[in-house]
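Thanks, everyone, for making the time; I would like to walk through one model this morning, going from a single helix pair to the packing around it. Please have the structure open while I talk.

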Amino acid sequence: MMCADMEVQLNEYVDGTLRVAQRATVDAHLAGCAGCRAAVAELRALVAGAAALPKSIEPGRDLWAPIDARIVQGATRNVQRPFWRGALAAAATLVIGFAIYRLLPPSTVHDHPEGTGWVAVQAEYEQAADELTRALAFEHDRLAPATVALIERNLAIIDAAIRESRDALARDPGNVELRGLFAAASRHKVELLRWATRAAT
Amino acid sequence: MQADPSDLIERAQRGDPAAFEALYRAHVGRVYALCLRLTADAARAEEFTQDAFVRAWERLASFRGESAFSSWLYRLTVNVVFLGQRASRRRGLRVFTTDDPAALERPRDGPGVPGAQLDLERAVAALPPGAREVFVLHDVEGYRHQEIAELTGIAVGTSKAQLFRARRLLREALSR
């Protein structure tokens with residue numbers, strides 16, 4: 001039985017990652033401890049066994065056909081890229097539209113969430129944006145660099161709007177119009193991320 | 001693993017599916033083994049193997065030959081598996097449910113596979129996911145803790161702790 005406080009040192013000893021002085025200390029301990037000597041022998045056998053496992057295992061079926069189909073599908077999608085350029089223009093329009101929207105007087109804003117559940121609304125937008133951002137981070141290299149750059153530029157504009165409205169709300173938490181602005185900016189962010197994620201996948 | 005003829009890689013980079021199929025044939029066993037050991041689930045391993053090769057095809061242009069093609073492909077595979085596992089966990093899907101994976105039964109039936117190896121494969125498959133992943137990457141695949149930390153997003157200390165835990169659990173399982 002290995003000494004309870006020796007697990008880390010014995011593992012490091014077997015891995016050869018101890019410094020000379022530490023190694024000497026473990027050597028001295030091993031000289032007088034049969035349990036730890038046995039544990040070192042087991043660890044060495046385990047590490048050697050793991051390294052000797054076959055590096056290659058053939059799958060139960062040939063996977064090339066579905067891979068080939070997806071590759072061909074991807075090539076078709078690339079040919080259709082001009083379509084996405086159109087969608088990009090739409091995304092840019094969306095952001096410009098939002099900028100105009102911000103300039104409108106509050107009376108023309110139709111979609112402000114009311115006070116009830118405001119914290120939940122904020123949390124919901126933030127969670128949706130976070131999830132989409134992570135999904136996009138996973139897939140974004142499927143997009144052309146120019147597309148990614150445009151998305152990032154637009155996100156920066158929207159994030160700035162979110163920051164501004166959040167700062168204003170911190171000073172005036174009950175202001176329904178500010179909440180409307182925050183909600184609109186957040187919604188635009190979610191819409192843009194949703195579009196980008198769809199485009200990437 | 002033999003070196004890939006560079007003209008095969010160049011042809012695949014220029015969009016030649018036949019060249020890419022040859023690369024697939026040369027590496028599928030290694031990629032699938034990695035996916036199978038990381039997931040302990042044959043169906044998921046097949047999915048991730050497909051995802052890894054599709055992703056490799058899409059990213060071939062970014063392979064510039066600084067490392068061996070095989071190293072590039074296996075790192076990409078680890079990435080695909082980890083991102084896929086995380087996405088599944090977020091969606092609440094099953095990602096790990098086996099203490100006796102059918103896929104790992106197959107080597108027992110093959111000639112020349114020692115029983116001790118199969119016992120080890122089964123014990124590894126039964127480890128908790130975090131411990132299993134680090135054990136496979138470190139002790140089976142030979143990655144260093146720093147590389148594992150970079151690939152998986154965990155701290156180096158966590159990688160070590162998971163490895164030592166995996167070894168402890170394996171020693172217990174194999175001594176029964």
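**Helix packing, contact and cores**

Let me begin in chain A of what is, I should say at once, a predicted model, where the axes of α1(A) and α3(A) come within 10 Å and cross at roughly 50°. Because of that angle, α1(A) counts as oblique to α3(A), and the crossing in which α1(A) passes α3(A) is right-handed. On the α1(A) side the contact is made by A:Leu10, A:Asn11, A:Tyr13 and A:Val14, while α3(A) brings in A:Cys36, A:Ala39, A:Val40, A:Leu43, A:Arg44 and A:Val47. Sorted by class, this contact of α1(A) with α3(A) has eight nonpolar residues, one polar and one charged.

Turning now to the contact between the chains, 30 residues come from chain B and 29 residues from chain A. On the side of chain B that touches chain A, the elements giving two or more residues are α2, α3, α6, α7 and α9 of chain B, and by class that side has 16 nonpolar, four polar and 10 charged residues.

Finally, the cores. The largest nonpolar core has 54 residues, of which B:Tyr32, B:Cys35, B:Val124 and B:Phe135 touch the most other members. Both chains take part, since the elements that give two or more residues to this core include α1 and α3 of chain A as well as α2 and α7 of chain B, and α2(B) gives the most, with 12 residues. There is also a second, separate core of 16 residues, with A:Ala161, A:Leu181, A:Ala184 and A:Leu192 among them.

Definitions and conventions: Residues are numbered from 1 along each chain as its sequence is written. Chains are lettered from A and ligands numbered from 1 in the order in which they are written. This is a predicted model: local features need pLDDT of at least 70, side-chain atom pairs count only at pLDDT 80 or more; totals for chains, interfaces and linings use all residues. A nonpolar core is a set of buried Ala, Val, Leu, Ile, Met, Phe, Trp, Tyr and Cys residues joined through C-beta atoms within 7 Å. A residue is buried if 20 or more other C-beta atoms lie within 10 Å of its own, exposed if 12 or fewer, and partly exposed in between; C-beta atoms are placed from the backbone. Helices (H or I, at least four residues) and strands (E, at least two) are DSSP runs, numbered from the N terminus. Two residues are in contact if their C-beta atoms, placed from the backbone, lie within 7 Å. Ala, Val, Leu, Ile, Met, Phe, Trp, Tyr, Cys and Pro count as nonpolar, Asp, Glu, Lys and Arg as charged, and the others, Gly among them, as polar. Axes are lines fitted to C-alpha atoms, for helices over the stretch in contact, and angles run from 0 to 180 degrees between N-to-C directions. Angles under 35 degrees count as roughly parallel, over 145 as roughly antiparallel, 65 to 115 as roughly perpendicular and the rest as oblique. A crossing is left-handed if the near helix is turned anticlockwise from the far one by less than a right angle, and right-handed if clockwise.
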